[in-house]
Amino acid sequence: MSTYTQLYYHIVFAPKHREPVLLKPAQTRLFSYLWKVLENKKCHPYAINGVEDHVHIFTHVHQTISVAQLVKDLKLASSDFIKRERVFPGFAAWQEGYAVFTKSHEDKDGIIKYVKNQEEHHRNESYLDELKRLLREAGIEFDQRYLD
């Protein structure tokens with residue numbers, strides 16, 4: 001029998017100290033690079049976007065890859081790309097942590113729209129408030145000390 005999976009993940013991570021260093025003119029280069037990294041890992045990205053202080057990725061993850069390893073690979077590869085290409089001069093590193101939320105097939109279109117509309121969305125909600133809301137909606141307990 002073949003292997004059949006539908007592993008949708010909404011991944012969120014930020015630069016160290018949530019510094020707003022992912023400046024708009026070069027964001028497309030970063031998002032395109034992340035897209036290629038995902039494809040090279042046999043994942044199927046649906047949407048990648050963000051604002052100056054964080055990135056959202058919605059992707060199907062290949063069944064042979066752990067989410068932790070995927071996020072680690074995305075952060076390492078993109079950090080190297082940012083520094084090598086001098087894409088964001090103020091970028092030092094990614095934060096250690098990240099957030100990942102599983103999503104159902106029924107959530108797919110809504111999550112794609114949500115990720116694509118980050119700029120508009122963040123006119124009304126900060127990244128930290130968004131992260132807390134996403135954690136609460138997913139039923140994930142968190143320690144406030146690690147968010148500040």
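These are my notebook entries on a predicted model, taken element by element.

**Sheet**

I began with the strands. The model has an open sheet of 4 strands in the order 2-3-1-4, with antiparallel pairing. I looked up the edges next: strand 2 and strand 4 (99-103) each pair on one side only. I noted an average twist of 15° from one strand to the next.

I then went to the pairing of strand 2 with strand 3. These two run antiparallel and are joined by 7 bridges. As one example I took I48, whose bridge partner in strand 3 is I57.

**Helices on the sheet**

I asked myself which strands helix 1 touches as it packs on the sheet. They are strand 2 and strand 3, and the direction of helix 1 makes about 155° with that of strand 2. For helix 2, I found that it lies across strand 1, strand 3 and strand 4. Its angle to strand 1 is about 45°.

**Helix 1 in detail**

I checked the length of helix 1 (residues 24-40). It has 17 residues and reaches 25 Å from its first C-alpha to its last, close to the 24 Å expected at 1.5 Å a residue.

I listed its buried residues: A26, Q27, L30, F31, L34, V37 and L38. Viewed down the helix axis, the buried residues fall within an arc of 150°, so they line one face of helix 1. They pack against strand 2 (44-51), strand 3 and helix 2 (67-85). On the other side of the helix I found P25, T28, K36 and N40 exposed.

After helix 1 comes K42, and I noted its positive phi, near 65°.

**Two single residues**

I looked up H60 in strand 3 (residues 54-60). Is H60 buried or exposed? Its relative accessibility is 12%, so I entered H60 as buried. Setting aside neighbours within four places in sequence, I listed its contacts as T5, Q6, L7, Y8, C43, H44 and Y46.

Y4 sits in the segment before strand 1 (8-13). I entered Y4 as exposed because its relative accessibility is 67%. I also took the C-alpha to C-alpha distance from Y4 to P89: 42 Å in space, with their places 85 residues apart in sequence.

**Salt bridges**

How many salt bridges does a search of the whole structure find? The search finds 8 salt bridges. I wrote up three pairs.

The pair K24 and E119 has its closest N and O atoms 2.7 Å apart. K24 lies in helix 1 and E119 in helix 4 (residues 118-121), so this salt bridge ties together parts that are 95 residues apart in sequence. I entered K24 as partly exposed at 46% relative accessibility, and E119 as partly exposed at 39%.

The pair R84 and E85 has its closest N and O atoms 3.6 Å apart. R84 is partly exposed, at 45% relative accessible area. E85 is also partly exposed, at 36%.

The pair D143 and R145 has its closest N and O atoms 2.5 Å apart. D143 is partly exposed with a relative accessible area of 28%, whereas R145 is exposed at 62%. Last, I followed the salt bridges that share partners: they join R29, D80, R84 and E85 into one network.

Methods
Residues are numbered from 1 along each chain as its sequence is written. This is a predicted model: local features need pLDDT of at least 70, side-chain atom pairs count only at pLDDT 80 or more; totals for chains, interfaces and linings use all residues. Side-chain values use heavy atoms; hydrogens and water are left out. Buried means under 20% relative accessible area, exposed over 50%, partly exposed in between (1.4 Å probe, protein chains only). Contact means heavy atoms within 4.5 Å. The expected span of a helix is 1.5 Å times one less than its number of residues. The arc is that of the directions from the helix axis to the C-beta atoms. Two strands pair if DSSP finds at least two bridges between them. Axes are lines fitted to C-alpha atoms, for helices over the stretch in contact, and angles run from 0 to 180 degrees between N-to-C directions. A salt bridge is a side-chain nitrogen of Lys or Arg within 4 Å of a carboxyl oxygen of Asp or Glu.
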